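Biologist: I am new to this structure and would like a close look at a single part of it, with enough of the surroundings to place that part. Could you take me through it slowly?

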Amino acid sequence: MTRGEIAEQKFREGYNCAQAVVFAFIDDTKADKETLLAAAHPFGGGMGRLRLTCGAVTGAVMCLGLFFSQLKKSEVYAIVQEYCRRFEEKNGSVICGKLLSGAGIGVDSSPNAEPRTDEYYKKRPCPLLIRDAADLLEDLLKERGVLS
């Protein structure tokens, strides 16, 4: 199973988009699973359903921080910018609200999470965006020699 598939599966199991991406890389971070998932908890729906930066992207960026914690800020920021450029190039934006509206979904920023039903998963681009986020992260980490 690819990391993208793992992330998509975790999303379909009820984890939010940020948690799903983080989950796909937890074993390689050597960090505490519960702490990482808790830290990613508020980032779903573009940070607390504000529809800002896509939660899948923020989950990936959290992982970049873990994998590259020994680098200088400017070096990490350059890696984050490269990752976001790739995600945006593939998906059109890194902004949750734009990704949803681009798929014809109304952008609801209330704090109330929608029930996870089959219809929820069918109408949203999120499962594929989460898969893309994890796959792009894996590619970047392999290119930089972090993963084999």
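Biologist: Which residues does Val57 touch, not counting residues up to four places away in sequence?

Modeller: Before turning to that residue, please keep in mind that this is a predicted model. Val57 touches Tyr83, Cys84, Phe87 and Val94, when residues up to four places away in sequence are not counted. Val57 itself lies in helix 5, a helix that runs over residues 55-67. With a relative accessible area of 0%, Val57 counts as buried, because that term is used for anything under 20%. There is also a link to an earlier part of the chain, since the C-alpha atoms of Val57 and Ala18 are 7.1 Å apart in space, while the two residues are 39 residues apart in sequence.

To place helix 5 in its setting, it helps to look at the chain as a whole. The chain has 9 helices and 0 strands, so that from the N terminus on its elements read α-α-α-α-α-α-α-α-α. For 148 residues, a compact globule would have a radius of gyration near 15 Å, and the 14 Å of this chain agrees with that. The C-alpha trace spans about 40 × 30 × 25 Å along its principal axes. Of the 148 residues, 46% count as buried, and Val57 is one of the buried residues. Among the contacts with a separation of 6 or more, 67% are accounted for by residues 24 or more positions apart. As for the outside, the accessible surface comes to about 7,800 Å², and 52% of it belongs to carbon and sulfur atoms. The chain carries 20 positive and 20 negative side chains, with the centres of the two sets lying 3 Å apart.

Helix 5 also takes part in the packing of helix 4, which covers residues 33-40 and has Leu36, Leu37 and Ala40 as its buried residues. These three cover an arc of only 95° around the axis, which puts them on the same side of helix 4. An α-helix has 3.6 residues a turn, so residues three or four places apart point the same way. On the other side of helix 4, Glu34, Thr35 and Ala38 are exposed. The buried residues of helix 4 pack against helix 5, and also against helix 2 and helix 3.

Helix 2 and helix 3 appear again around helix 1, at residues 3-12, where Arg3, Gly4, Ala7, Glu8, Lys10 and Phe11 are buried. Seen down the axis of helix 1, those buried residues fall within an arc of 160°, so they line one face of the helix. Their cover includes helix 2 (17-23) and helix 3 (26-29), together with helix 8 (118-123) and helix 9 (126-143). Just after helix 1 comes Gly14, which takes a positive phi of about 115°.

Two residues in the loops around helix 4 deserve a careful look as well. Lys30 sits in the loop between helix 3 and helix 4, and it has a positive phi of about 65° although it is not a glycine. At 79% relative accessibility, Lys30 counts as exposed. Met47, in turn, has its place in the loop between helix 4 and helix 5, where it shows a positive phi of about 70° although it is not a glycine. Met47 is partly exposed, with a relative accessible area of 33%.

Two lysines in later helices can be set beside the buried Val57. Lys90 lies in helix 6, which is formed by residues 73-91, and at 53% relative accessibility Lys90 counts as exposed. The C-alpha atoms of Lys90 and Pro127 are separated by 15 Å, and the two residues are 37 residues apart along the chain. Lys123 is found in helix 8, and at 38% relative accessibility Lys123 counts as partly exposed. Lys123 touches Ile105 and Glu114, again not counting residues up to four places away in sequence, whereas the C-alpha atoms of Lys123 and Ala113 are 15 Å apart in space, with their positions 10 residues apart in sequence given as the separation.

To return to your request, Val57 is a buried residue of helix 5, and it touches Tyr83, Cys84, Phe87 and Val94.

How values were computed
Residues are numbered from 1 along each chain as its sequence is written. This is a predicted model: local features need pLDDT of at least 70, side-chain atom pairs count only at pLDDT 80 or more; totals for chains, interfaces and linings use all residues. Side-chain values use heavy atoms; hydrogens and water are left out. Helices (H or I, at least four residues) and strands (E, at least two) are DSSP runs, numbered from the N terminus. The radius of gyration is taken over C-alpha atoms; the globule rule is 2.2 Å times the number of residues to the power 0.38. Buried means under 20% relative accessible area, exposed over 50%, partly exposed in between (1.4 Å probe, protein chains only). Contact means heavy atoms within 4.5 Å. Accessible areas come from the Shrake-Rupley method with a 1.4 Å probe; for residues, only the protein chains shown count as cover. Lys and Arg count as positive and Asp and Glu as negative; His and the chain ends are not counted. The place of a charge is taken as NZ of Lys, CZ of Arg, CG of Asp or CD of Glu. The arc is that of the directions from the helix axis to the C-beta atoms.
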